[in-house]
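Welcome! Take a look at the model below, and then let us walk through it together.

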Amino acid sequence: MTFDFTISATEGKARTGVVSTAHGSIRTPAFMPVGTAATVKAMHVEHVEATGADIILGNTYHLMLRPGAERIARLGGLHKFMGWSKPILTDSGGFQVMSLAALRKMTEQGVTFQSHIDGTKYELTPERSIEIQHLLGSTITMVFDECTPHPATHEVAKKSMELSMRWAQRSKDAFQPREGYGVFGIVQGSTYDDLREISAHALSGIGFNGYAIGGLAVGEGQAEMFRVLDYTPGMLPADKPRYLMGVGKPDDILGAVQRGVDMFDCVIPTRSARNARAYTSMGELNLRNARHADDHRPLDPGSHSPINRYSRAYIHHLFKADEMLGPMLLTQHNLHYYQELMQGIRGAIAQGQLDNHAQTLREGWAKGDMPAL
């Protein structure tokens, strides 16, 4: 099975299609649940699969620290280790080094840092990042890059982007091509049009199986993110998948799809669920609110959520009682809602109805929850 991307329909800049990999097909636009430490928090893998997810994301930084890439390789690779047979994308670890590690030092060679777990010193270079992802058996490997701070001056963003492009070349050189496996480059350049163009051109010249857009959803706000997405996807090869890293809420995803993005990941649906927040066809709901305490109705009658068998009152009770089932149920619901969202988007593009579908979705979110009982 070759690593391939086939586009079956378009509407404006939006596309729907399939990424073919050694571990199965990924229907696009796709949302990847985040399984940072070889687990999607609060979920069995069969429940993740039941939501409709075709691919999940794992994290190089966390897995290299615990239990270790070499150990996972000895145990048969990440797919076998966690019991997930479908595609896995692993990020390079760069973002976590910048956000979690202590006493980090960056040079042209890479980054040295101390583990946030036990203080052990590590070095992460483009070559080592690619090696770790190979040991894990990642279906899609991401190049090692620097997470540009935000906000950043043009000078700082340019220097950071140029370093990431040099690291992208080293990452590609270190990648071991295998049938059905891919490696993605990452466009950087902060919110500067000229830097994004230089980065996209450099990555296209190196040649990757897909292209990610990094350095967004880092505090710039939706309007500025959409402004960057108005032009950046179009700078990338049209026949390769485009992945917007770390995004986002349902409206962020919808807007990015309309601007030509094919793949997404974000901790929002799982993290929000652990904090009693649910995503629904009526917008975001807080199940800790007292208005739900006597509500016998299901969470989202407008969806096919697997937890609609439970009342809002019951879920409210679980959170008030600090029962672990509460986060488990809402995680299952939120991931199901996100996959239902993606399925609807794919179907709308195929029928040439995405704009109408998007308007209906946004009207539902804006309308808000049902009146309290």
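## Sheet, cores and cysteines

Seven bridges connect β1 to strand β2 (residues 14-21), and the two run antiparallel. Strands pair if DSSP finds at least two bridges between them; strands (E, at least two residues) and helices (H or I, at least four) are DSSP runs, numbered from the N terminus. Within this pair, E11 stands opposite A14 in β2.

This is a predicted model, in which local features need pLDDT of at least 70 and side-chain atom pairs count only at pLDDT 80 or more, while totals for chains, interfaces and linings use all residues. Residues are numbered from 1 along each chain as its sequence is written, and side-chain values use heavy atoms, without hydrogens and water.

β1 and β2 belong to an open sheet of three strands, ordered β1-β2-β3 with antiparallel pairing. Its edge strands, each pairing on one side only, are these:

| Edge strand | Residues |
|---|---|
| β1 | 4-11 |
| β3 | 24-28 |

Now to the interior. The largest nonpolar core (buried Ala, Val, Leu, Ile, Met, Phe, Trp, Tyr and Cys residues joined through side-chain atoms within 4.5 Å) has 95 residues, and Y243 and F264 have the most contacts inside it. Helix α13 (residues 325-350) gives the most to this core, with eight residues. A second, separate core of 12 residues includes L287, L299, I307 and L329.

How many disulfides are there? The count is zero, a disulfide being a pair of cysteine sulfur atoms within 2.5 Å. The sulfur of C147 is 14 Å from the closest cysteine sulfur, in C266, so it is too far for a bond. C266 is buried (under 20% relative accessible area, 1.4 Å probe, protein chains only), with a value of 6%.

Terms used
Buried means under 20% relative accessible area, exposed over 50%, partly exposed in between (1.4 Å probe, protein chains only).
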